[in-house]
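Please walk through the aromatic side chains of this structure, taking the ring pairs before the charges that accompany rings.

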Amino acid sequence: MQTLGNFIRKIIDFFYENLLLRFFHTEKIVSREVFRYACCGGGNMVLDWFLYFIFYHILFSSFGNVVYIDFPHIDVMPLAITPHILAFGITFPITLLTGFLLNKYVTFTQSSLAGWNQLMRYLLIVGLNILINYVGLKFFVEICQIYPTPSKMLVTGITVLVSYFGQKYFSFKK
């Protein structure tokens, strides 16, 4: 993983040095760490939106307003979930893993915390983001009647800020 992280970091740093610094002289405005976080987070965000779009529009939207998940061999009532929440529930673990690995090996490489501690702290921030995503999607889709994919994009803007400061000062602190 470290080798792949170094490779990705070199690509990001190439653009930072040869595009931002050379043409825009932005070192005082955007640090290398913030640029790495933006690139990694942006890539992970696009992956999240892409997966959400695929799962919602191709797999779950044809199920109607509610998806019933039946548990075979367990005598309980089926779990009822709306398709936009189910799509979030499927895509979130995937982008959770890619986000942690990108933050650990590309963005916040100077952290002195053990990997296990980083992961546990990362999961706490992620838990907060799950709550923000759930409440935000419910609010925008069900109350404001905004289409699910743009709603997901709006909620992402909120979670980006929470994530950056949480990861920098808590999960991967130096």
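A charge is said to sit over a ring if NZ of Lys or CZ of Arg is within 6 Å of the ring centre and within 35 degrees of the ring normal. In this predicted model, the charged end of lysine 104 meets that description over the ring of tyrosine 105, lying 5.4 Å from its centre, and arginine 121 lies over the face of phenylalanine 170, at 4.8 Å from the ring centre.

Turning to rings that pair with one another, the structure holds 14 aromatic pairs. In one of them, the rings of tyrosine 52 and tyrosine 56 have centres 6.3 Å apart and planes at 5 degrees, and because planes under 30 degrees apart count as stacked, this pair is stacked. Both residues belong to helix α2 (residues 32–60), where they are four residues apart, about one turn of the helix. Tyrosine 52 counts as buried at 1% relative accessibility, and tyrosine 56 likewise counts as buried, at 13%.

A further pair, phenylalanine 100 with tyrosine 122, has its ring centres 5.2 Å apart and its planes at 65 degrees, so the arrangement is edge-to-face. Since phenylalanine 100 lies in helix α3 (residues 83–107) and tyrosine 122 in helix α4 (residues 115–143), the pair ties together parts that are 22 residues apart in sequence. Phenylalanine 100 is buried, with a relative accessible area of 10%, and tyrosine 122 is buried as well, with 6%.

Phenylalanine 100 and tyrosine 122 also belong to a cluster linked by ring pairs, whose members are Tyr37, Phe100, Phe108, Tyr122, Tyr164, Phe165, Tyr169 and Phe172.

Notes: Residues are numbered from 1 along each chain as its sequence is written. This is a predicted model: local features need pLDDT of at least 70, side-chain atom pairs count only at pLDDT 80 or more; totals for chains, interfaces and linings use all residues. Side-chain values use heavy atoms; hydrogens and water are left out. Rings of Phe, Tyr and Trp (its six-membered ring) pair if their centres lie within 6.5 Å; planes under 30 degrees apart count as stacked, over 60 as edge-to-face and the rest as tilted. Helices (H or I, at least four residues) and strands (E, at least two) are DSSP runs, numbered from the N terminus. Buried means under 20% relative accessible area, exposed over 50%, partly exposed in between (1.4 Å probe, protein chains only).
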